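Hi everyone, thanks for making time for this. I'd like to walk you through one model today, so please pull up the view and follow along.

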Amino acid sequence: MGQKIRAKITGLGRYVPPRVVTNDEIAKLVDTNNEWIVERTGIHQRHWAEKGTATSDLAVKAVEDLLQKRGIDGSEIELIIVSTVTPDMFFPSTACLIQERIGAKKAWGYDILAACSSFLYSLTTGAQFIESGRHKKVLIVGADVMTSIVNPEDRTTIILFGDGAGAVLLEPTEEGEEDYGILDFRHEVDGSGAEFLSMPGGGSLHPSSHETIDKKMHYIHQSGQQVFKFAVRKMEELSTGMLAKHQLTGDDLGCFIAHQANLRIIDATASKIGIADDKVIRNIHKYGNTTAATIPLAIGDAIDSGRLKKGDLVLFAAVGAGFTSGSVLARWAY
Ligand code: COA
C-alpha cells in the first residue's frame, strides 16, 4: 500500500491595510483608555481598512503575496476556500470574486462561515480534497474587514477588532514526507452559544429594514464575559485533548498558534498545555482580532521570527461565534 497523502502548507501570503489605529485614538471615539485595553485584551493597536475597502480587496493582496512567494500563477489553483464573516456581499461568495481577480481560471470555490474558527475549518476542509487525491493546489483564504460590522459607539467591541487577510496554499505531501502536513484535527460546534456573539440583522430572520438599522442589528453583538469563559475552557480542552491523543506534551511542539482574540485566552491555554513561553505566537498587540485572518497572520510572524521551521510540530487552536471551535495538529513542511 502506498503512503498516505496528507495536505501540507507550502506557502503563505498576508496583507493588512496600512492605517494603524492606536488605543489612544480609540479613546477619542469611545469612553476607554489605553491601560484598560492593554490590561484586559493585550491589544495595543490594530489596522483599519479605509471606508469602501472590501474583504476581497484585502484577500486578493494576500493571495498575490502568496502566489509571488510560492512562484505560481493563479491559473494553477484548483479550489478556493474563503473564511470570512464579512463577505463583500451575501452572494456571490467572496471566493467567486477572488477567483476572477487572481485569474484562477480552473478553480471552483466557496466561503465558509465559522467566525473566528473559520480559518481552521477551511484548512481542514481543504485538506480533505488533497488527501483524497482530488486536488493538488487548494487555496485557503482568511480575510475580514471587521470594521464594516463593528458598532463605532460600542466600546466593548470597537477596541477588539482589526482588519486583515492571510492565505495559505495546500499541496500534497511527497515521498518521504509521511509525517508532514496536517496530521489531525478536531472541530466542534455548540449552538447553545449562538446568542452570545452574533450579527442579528440583515439575514432571513431580520432582513435589513429601517427598524433593524435603528436597533443597530447590523453590528456585532457580544456578551464578552460569556464568550471569554467559553473560549478559555474550550481552547484549553481541545488543545490539551489533541496533545494527549497523540501522546505529546508542550515540549514536543515547535510552536502554538492560537486564534488571537484576547491575550488572556492565549496565555491561559498556553499555561494549561505547559509550553515554553517563546513558543507561543502572539501578535494580538499589533493586529487585534482580525477574525479569519489571525491564524495566517500569526503563522507569518512565527516564520519571520524563526519559531516555525521545517519539521516542527505546530498546534493550532481557535474558538469563535457559534460557538465554533477547533484544533489542528500539523508538522511544518517548508
Ligand atoms: N474601556 C473601559 N471599560 C470598559 C470597556 C472599555 N473598552 N469595555 C467594557 N468596560 C467596562 C464594562 O462596562 C464593565 O464596567 P462595569 O463593571 O462598571 O459594568 C467593566 O469594564 C468590566 O467589563 P467586562 O465585560 O466584565 O470586562 P472583561 O474583563 O470581560 O473584558 C472583553 C471585556 C470584551 C475584553 C472580554 O470579555 C473578552 O475579551 N471577551 C472575549 C471576546 C472575544 O474573544 N470575542 C471574539 C470571539 S473569538
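**Between two domains**

Let's start with the ligand. Domain 1 (7–172) and domain 2 (181–331) both contribute residues to the shell around it, so the ligand shell lies between the two domains. Before I go on, please keep in mind that this is a predicted model.

How many residues surround the ligand? There are 19, and the closest are T32, C116, G224, F228 and A261. If you colour by secondary structure, you'll see that α2 (34–41), α6 (155–158), α8 (224–245) and β13 (313–320) each supply at least two residues of that shell. Helix α8 gives the largest share, with five residues. For those of you thinking about chemistry, the shell divides by class into nine nonpolar, eight polar and two charged residues.

Now zoom out to the domains themselves. The domain assignment splits the chain into domain 1 (7–172) and domain 2 (181–331), and their C-alpha centres are 14 Å apart. Their contact takes 45 residues from domain 1 and 40 residues from domain 2. On the domain 1 side, the elements that give two or more residues are β1 (7–15), β3 (45–47), α5 (118–131), β6 (138–145), α6 and β7 (163–172). Which of them gives the largest share? That is α5, with seven residues. The domain 1 side of the contact is made up of 22 nonpolar, 17 polar and six charged residues. Notice that α6 appears here and also in the ligand shell.

Next, a sheet. Five strands form an open sheet in the order β8-β14-β13-β11-β12, and the pairing is mixed. At the edges stand β8 (181–189) and β12 (280–281); each has a single partner strand, so one side of each is left without a neighbour in the sheet. As a reminder, strands of a sheet pair through backbone hydrogen bonds, either parallel or antiparallel. For β8 and β14 (324–331), the pairing is antiparallel, over eight bridges. If you want a spot to click on, V189 stands opposite T324 in β14.

Two helices go with this sheet. Helix α9 (residues 263–273) lies across β11 (255–258), β12 and β13, and runs at about 145 degrees to β11. Helix α11 (residues 294–304) also packs on the sheet, where it touches β11, β12 and β13. The direction of α11 makes about 155 degrees with that of β11. And β13, as you'll remember, is one of the elements that supply at least two residues to the ligand shell.

Let me move to helix α4 (residues 94–102). Which of its residues are buried? They are T94, A95, L97, I98, Q99 and I102. Their cover includes α3, β4 (79–83), β5 (108–112) and β6. Right after α4 comes G103, which has a positive phi, near 65 degrees.

Last stop: K61, which sits in helix α3 (residues 55–70). Why does K61 count as partly exposed? Because K61 has 18 C-beta neighbours inside 10 Å, and a residue needs 20 or more to be called buried. Apart from neighbours within four places in sequence, K61 is in contact with Y15 and A165. K61 and V16 are 45 residues apart along the chain, with their C-alpha atoms separated by 8.8 Å.

That's my tour, and I'm happy to take questions.

How values were computed:
Residues numbered from 1 in each chain as written. Predicted model: local features only at pLDDT ≥ 70, side-chain atom pairs only at ≥ 80, totals over all residues. Near = placed C-beta within 6 Å. Helix = DSSP H or I, 4+ residues; strand = E, 2+ residues; numbered from the N terminus. Nonpolar A, V, L, I, M, F, W, Y, C, P; charged D, E, K, R; others polar. Domains from an automatic or database assignment. Pairing = 2+ DSSP bridges. Contact = placed C-beta atoms within 7 Å. Axes fitted to C-alpha atoms, helices over the stretch in contact; angles between N-to-C directions. Buried ≥ 20, exposed ≤ 12 C-beta atoms within 10 Å, placed from the backbone.
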